[in-house]
Amino acid sequence: MRFRHRAAAGFATLLLPLAGLVGLAAGPAQAASTATATYAKTQDWGTGFEGKWTVQNTGSTTINSWTVEWDFPTGTSVTSAWDADVTSSGTHWTARNKSYNGTLAPGASVSFGFNGSGSGSPSNCKLNGGSCDGGTTVPGDNPPSAPGTPTASSITDTSVKLSWSAATDDKGVKNYDVLRDGKTVATVTATSYTDTGLTAGTDYSYTVQARDTAGQTGPVSGAVAVHTTGGTTTPPTTGDTVKLGYFTEWGIYGRNYNVKNLVTSGSASKITHINYAFGNVTGGKCAIGDSYADYDKAFTADQSVSGVADTWDQPLRGNFNQLRELKAKYPHLKVLWSFGGWTWSGGFADAAKDPAGFAQSCYALVHDPRWADVFDGIDIDWEYPNACGLSCDTSGAAAFRNVMAALRAKFGSSALVTAAVTADGSAGGKIDAADYAGAASYVNWYNVMTYDFFGAWDAQGPTAPHSPLTSYSGIPKAGFTTADAIAKYKAIGVPAKKLLVGIGFYGRGWTGVTQDAPGGSATGPAAGTYEQGIEDYKVLKTSCPATGTIAGTAYAHCGSNWWSYDTPATIGTKMAWARNQGLGGAFFWEFSGDTSNGELVSALSNGLS
């Protein structure tokens with residue numbers, strides 16, 4: 001790691017790309033004082049949605065044509081449409097009737113629909129130049145705001161009480177839809193609701209959406225994860241898709257993030273694998289990273305996965321025992337011990353001199369009788385073979401392949417052997433420096449570190465997203481994108497199923513920035529809780545909310561600070577991309593950057609399901 005410390009199917013009408021949607025208006029626009037246009041989001045699949053507009057003639061004379069206009073926020077767009085000709089100019093969208101549905105008799109209505117990307121909702125609606133609510137005010141009736149993220153209380157085996165702060169609207173909020181796992185389970189006028197008939201010992205996710213007096217729905221609130229009491233833990237149905245998160249040994253200190261947090265956040269039931277980071281690499285051997293955190297620290301009852309306090313004389317304590325308790329509660333989970341990382345990668349130079357000896361030392365440590373049942377394999381985080389990271393490695397292009405071959409020979413075919421690898425897809429870059437193609441036959445998968453492309457180590461900027469999915473105009477360095485890295489690994493022969501896309505649960509930022517869009521100048525790194533230029537998502541989502549998206553990731557400009565980071569929406573986009581690429585799954589660095597209800601883990605898991 002960089003730092004230690006439906007789309008819809010079966011429509012009766014053809015869905016065309018926007019380039020093919022341009023059409024002629026059926027006739028001159030007419031005043032909208034006797035007609036209304038209302039919007040509804042009919043489906044939402046995380047990375048996109050289906051929207052529907054309904055135009056109704058509320059007057060006493062026939063309408064011969066209609067035009068609906070609205071604005072979407074940056075990052076939200078129409079990708080295909082039916083029963084209307086849809087065009088755009090920047091973030092402003094216009095829909096005109098088809099030749100067959102422009103005439104509306106008094107009382108009649110017509111609907112048109114579209115598929116969209118992003119998560120925004122329409123605003124500034126106009127119908128034939130007037131207000132969409134039937135009045136004459138322009139720009140029209142805005143949809144309501146998002147309600148506050150629900151809080152959960154009174155959780156039982158079969159019920160939960162949800163409460164949220166009210167949404168706002170320029171003409172008033174009519175009611176709220178309560179959504180469980182993305183589906184509406186109730187519509188209420190109050191700002192609370194008790195959901196009943198649930199299953200014991202089960203994970204649920206709740207959101208809320210407001211509706212105004214014109215019937216327009218606003219954006220969905222943040223999600224709260226709920227795990228009902230009782231029952232037994234049921235593993236997710238994942239097939240061969242890997243959903244992996246890094247747990248850092250040092251997180252139990254200043255961050256106060258324990259293995260139990262994987263349970264209380266609901267994250268443990270949504271992932272398949274955990275990488276425990278890090279073991280040390282020194283003297284050509286695998287070694288303990290932090291003995292106190294790893295197997296000595298005594299956890300209190302309220303800190304423990306089992307709810308039972310550690311005793312002074314029990315054979316194993318620390319994070320290893322907590323991981324053992326976690327696996328007992330979630331039998332589907334696999335745990336790998338990750339060695340190296342940014343700080344300890346210098347030790348691989350000696351390991352490369354004697355791959356067999358290194359593999360033997362790692363095997364002995366991972367299979368130590370005190371914790372042999374905890375780990376299902378080993379992960380190597382070498383930053384970077386035959387290239388420079390914190391220090392420069394000159395082991396040669398074959399060194400990485402030789403080390404991975406030795407590990408596979410020692411650990412055998414049934415163990416997991418994986419590696420975190422560079423995402424430098426530039427010409428002559430780090431992927432070209434080592435034999436990743438040759439080593440691929442020995443690993444179960446590669447964790448491609450598709451983040452930290454750009455950051456405030458370039459103190460004066462230009463500002464750039466640290467985890468771009470694709471390239472964009474003005475990107476500081478060609479090849480520094482997720483798409484470029486994955487394409488390069490595929491091109492050298494690494495199977496797609498052995499590639500996992502990486503997500504950072506943190507942002508990177510600059511200060512002294514005046515420009516909203518990427519590419520601005522800066523004066524240095526923005527202040528962070530633990531390190532300059534870095535901040536957790538759980539902090540940034542409220543301290544500096546995202547103001548735009550570029551290249552599949554989010555950015556935010558607040559005051560003089562500029563940050564880039566992934567959100568649930570951008571993670572959904574990236575997971576859809578990973579599925580389309582046929583990748584083996586995704587991983588993230590690391591758990592403690594997420595919210596207490598695990599909203600980023602949920603987005604990753606849902607996006608791969």
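**Notebook: buried charges, cores and salt bridges**

I began with Arg-408, whose side chain reaches the backbone oxygen of Ala-415 at 2.8 Å. The model I am reading is predicted. A polar atom of the Arg-408 side chain also lies 3.0 Å from the backbone oxygen of Tyr-442. I placed Arg-408 in helix H7. I then looked for a partner of opposite charge. Arg-408 is buried and has no salt bridge, and the nearest such side chain, that of Asp-379, is 11 Å away. Beyond four places in sequence, I listed the contacts of Arg-408 as Ser-413, Ala-415, Val-417, Tyr-442, Val-443 and Asn-444. Both residues that offer a backbone oxygen, Ala-415 and Tyr-442, appear in that list.

**Entry: a second buried charge**

I turned next to Glu-69, in strand S3 (residues 67–71). Which side chain of opposite charge is nearest to Glu-69? I found Lys-126, at 4.2 Å; Glu-69 is buried and has no salt bridge. A salt bridge requires the nitrogen and the carboxyl oxygen to be within 4 Å. I did find a polar contact of 2.9 Å between the side chains of Glu-69 and His-92. Not counting residues up to four places away, Glu-69 touches His-92, Trp-93, Thr-94, Asn-124, Cys-125 and Lys-126.

Asn-124, one of these contacts, drew my attention for its backbone. Its phi is positive, about 55 degrees, although Asn-124 is not a glycine. I located Asn-124 in strand S8 (residues 123–127). Asn-124 counts as partly exposed because its relative accessibility is 24%.

**Entry: other backbone exceptions**

I noted as background that most residues other than glycine have a negative phi, and that most peptide bonds are trans. Asp-83 has a positive phi, near 65 degrees. I found Asp-83 in the loop between strand S4 (77–82) and strand S5 (85–89).

I then recorded cis peptide bonds. The bond from Ala-277 to Phe-278 is cis, with omega near -5 degrees, and Phe-278 is placed in strand S18 (residues 273–282). A cis bond also joins Gly-461 and Pro-462, with omega about 10 degrees. Pro-462 lies in the loop between strand S23 (445–448) and helix H9 (482–491).

**Entry: nonpolar cores**

How many residues make up the largest nonpolar core? I read 102, with the most contacts inside the core made by Ile-274, Phe-358, Ile-380, Phe-400, Leu-407 and Tyr-446. Helix H7 (residues 399–411) gives the largest share of this core, seven residues. Helix H7 is also the helix that holds Arg-408.

I followed Tyr-446 outward. Leaving aside neighbours within four places, its contacts include Phe-400, Ala-419, Val-421, Tyr-436, Val-494 and Leu-500. I also noted a second, separate core of 24 residues, which includes Ile-63, Val-78, Ala-84 and Phe-114.

**Entry: salt bridges**

I counted 15 salt bridges in the structure. In one of them, Lys-327 pairs with Asp-376, with the closest N and O atoms 2.8 Å apart. This pair links distant parts of the chain: Lys-327 is in helix H3 (residues 318–329), Asp-376 is in the loop between helix H6 (355–366) and strand S21 (377–381), and they are 49 residues apart. Lys-327 is buried, at 15% relative accessibility, whereas Asp-376 is partly exposed, at 23%.

I next examined Asp-452 and Arg-508, whose closest N and O atoms are 2.5 Å apart in their salt bridge. Asp-452 lies in the loop between S23 and H9 and Arg-508 in strand S25 (residues 506–511), so this pair ties together parts that are 56 residues apart in sequence. Asp-452 and Arg-508 are both buried.

Are Lys-574 and Asp-566 buried or exposed? I found Lys-574 buried, at 1% relative accessibility, and Asp-566 buried, at 2%. These residues form a salt bridge, with the closest N and O atoms 2.9 Å apart. I also recorded a network in which salt bridges with shared partners join Arg-255, Asp-536 and Lys-538.

**Entry: confidence**

I closed with the confidence values. The mean pLDDT of the chain is 88, and 92% of the residues reach 70 or more. I marked residues 2–33, where pLDDT stays under 50 and the model has 76 contacts beyond four places in sequence. I also marked residues 135–139, where pLDDT stays under 50 and the model has 13 such contacts.

Key: Residues numbered from 1 in each chain as written. Predicted model: local features only at pLDDT ≥ 70, side-chain atom pairs only at ≥ 80, totals over all residues. Heavy atoms only, no water. Helix = DSSP H or I, 4+ residues; strand = E, 2+ residues; numbered from the N terminus. Buried < 20%, exposed > 50% of the residue type's maximum accessible area, 1.4 Å probe, protein only. Lys, Arg positive; Asp, Glu negative; His and termini not counted. Polar contact = N/O pair within 3.5 Å; in protein donor to acceptor, adjacent residues only side chain to side chain. Contact = heavy atoms within 4.5 Å. pLDDT = per-residue confidence, 0-100. Core = buried A, V, L, I, M, F, W, Y, C linked by side-chain atoms within 4.5 Å.
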